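Hello,

Here is the structure we talked about handing over. My notes on the contact between its chains follow below it.

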Amino acid sequence: MSEAKSFEVCEYTEESFKELLISKSDSSSAIIESKQHYEYLNRYLKSSSVQGKTIVAELRYVDHDFLEDYSYYYVKCFRDLERKCCRLHFFQTSFVEEDLVDFLSGKPSQITKESLNDSYIGFIVIKPLPKTVFGRTCLMHYGEKASEYTRHFPITRKYPVNLFGIELSVQTLAFQEQDRVAAACATSALWSVFQGTGKLFQHAIPSPIEITKSATKHVPIESRVIPSVGLNAHQMAQAIREIGLEPLTVNAITEDLFKAHVYGYMKGKIPLLMGFSLYGDSKEGSEPRGKHAVAIGGYSLTEKNVPSYNGTGFLLKACRVDRIFVHDDQIGPFAKMKIDGKPVATIKNGKNSNKYSLSTSWKWADNVTGELVEGRAVDPLLLAPLYNKIRVPYITIHTRVFHFNEFLSGMNLGQGDTSSTSEIEWDIYLSSVNDFKKAFLEKSGAIDSNLMLHVLTKRMPKYVWVCNATINCGEPYLDLLFDTTGIEQGNLLLRVVEYDDEFSESIRNLLGYKDIAEIQSHLNNCDILKWLNTHNRLGVRIKEGKTAEM
Amino acid sequence: MKKHLEKPITKKSIEATVDWLRTEAGARQFREKMERSSKYTAQMSDCMVFEKEALLEPVTL
């Protein structure tokens, strides 16, 4: 290869990909073949929805994140290490090097800007290191269908890419492998999470080395910080504080609680970090292999009927989450983890227990039998990096809506409904007020025009909790909008949006029975009932009462 | 006996509900349901409780 050469083009095959990974890093065939990333990425590039055909290797590429890590650590190594990387671009269309040379020389070519952009899959930065070669990786995710019951990637964003003046873009969330020097898995997961929050909350995105340093600045570990051996939950929370966000930590003690938090925050475009213990899937039970951290980048919903939340009769849309897609730095971007309800026998500090678990892509050979063991994620801990005014946590809103739903289903008991199951399905999620109003405006024509005007012109905080109730498999019933900035013990309800005339009339009629203690006692203790009793359907106060006006 | 209602509260159902709540058995049944629900909601904040050890263990894989 001549020194002046800036790029190479080759057809994508497993072999050509491997050759590039070896020749553009400081690695070997044995190391590359042993990496789970290599197998995972090949499976992804060959899949029917991706179908990679051509690789363009952009040589001597300067990668900001690697340069930061290089200037802090690698530059001081006695052995000379290359500081420039190679960036591999993947396309769904077939072309050869001459085609790209012709195009860049302004000559007639079979490729165009449009054909390149339309077929662009994304890129992988190859770091010039001996083992941990996968740097910043931006690859498009698997497709989303028009249906609600499919994969969702609400936190991805458009990454602009410039290849020799050709403007390309890919909708994704950046991923990178830990290098075990500047970053362990927790740092890599935080780096991916900050890729999402950086655009959403307008903060600078730190490099891996900056994250590791900031995490350990106030909460030092026993041994040296760099090379990094890992971070604990306190340190991960500190890294989030250092960029100006507030960490919300959730102990996901049940599977439904896990799903509810993942769905509630991710639909609001908040990326989540998940820490968990990795156990082997064995009937006899096993000790944990260790702790791991990943960034959650997406989820999918099943259309099938699912049991109510923790078997309480509370139908929650979040319980339909059946898979999450995570940036697992040891596997690859958007790796699937199934929430399949499988319990795992665990042994920790001599104590045996059965715990719910998620599937992982981790596999290893058992030390004794040599058999392949599949890894299961147990004891998930969620960390949500939040804008400081998103103060009211999900669980507070969930509890209030649950109580209101219980009141409504309690009313059904008198109708001979012994199932205690309401027909209402609740969709509880965080939303920016702009996103909520934008979606509400799209319902124009289907909603009473006065109600439309009142809701769209109501002053609300930047972020709200939206609790959308539907009946009969999707028919809109009502929305409850809660303040995220308020006092948890106080009234958080901003307003109720009522879509069902019969409900509006009937509930107010019911609340008017002042001689029935069971109704009146709940009216005094429930913000939602109180609001319905003191406001008309448009949200105009019609009676005196202690409800805050915004 | 029908298992589910199409809508939780309807014009038709209001009077029957009110009559039922006026009976001793109805009021007791409703109160018991809501008490069970309050007990359940009290446990919901357990997700904000952590084992100290779990927060200090480094994530190293």
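**Interface of chain A and chain B**

About 5,200 Å² is buried between chain A and chain B, and carbon and sulfur atoms give 64% of that area. Please keep in mind that this is a predicted model. On the side of chain A, Lys291(A), Gln415(A) and Glu518(A) together supply 13% of the area it buries against chain B, more than any other three residues. In terms of contacts, 44 residues of chain B are met by 73 residues of chain A.

Polar and charged pairs come next. The count of salt bridges between the two chains is five. Glu518(A), already named for its share of the buried area, forms a salt bridge with Arg31(B), with the closest N and O atoms 2.8 Å apart. Residue pairs in polar contact across the interface number 18, with both partners at pLDDT 80 or more.

As for what chain A presents to chain B, helix H11 (residues 394–413) gives the most to that side, with 13 residues. By class, the side of chain A that touches chain B has 31 nonpolar, 29 polar and 13 charged residues.

One residue of chain B may be worth a look in the viewer. Thr41(B) lies in helix H2 (residues 24–43) of chain B. Leaving out residues up to four places away in sequence, Thr41(B) touches Thr399(A) and Phe402(A). Is Thr41(B) buried or exposed? Its relative accessible area is 14%, so Thr41(B) is buried, the cut-off being under 20%.

Regards

Key. Residues are numbered from 1 along each chain as its sequence is written. Chains are lettered from A and ligands numbered from 1 in the order in which they are written. This is a predicted model: local features need pLDDT of at least 70, side-chain atom pairs count only at pLDDT 80 or more; totals for chains, interfaces and linings use all residues. Side-chain values use heavy atoms; hydrogens and water are left out. Contact means heavy atoms within 4.5 Å. Buried area is the accessible area (1.4 Å probe) that two parts lose on being put together, summed over both. A salt bridge is a side-chain nitrogen of Lys or Arg within 4 Å of a carboxyl oxygen of Asp or Glu. A polar contact is a pair of N or O atoms within 3.5 Å; within protein, one must be able to donate a hydrogen and the other to accept it, and residues adjacent in sequence count only if both atoms are side-chain atoms. Helices (H or I, at least four residues) and strands (E, at least two) are DSSP runs, numbered from the N terminus. Ala, Val, Leu, Ile, Met, Phe, Trp, Tyr, Cys and Pro count as nonpolar, Asp, Glu, Lys and Arg as charged, and the others, Gly among them, as polar. Buried means under 20% relative accessible area, exposed over 50%, partly exposed in between (1.4 Å probe, protein chains only).
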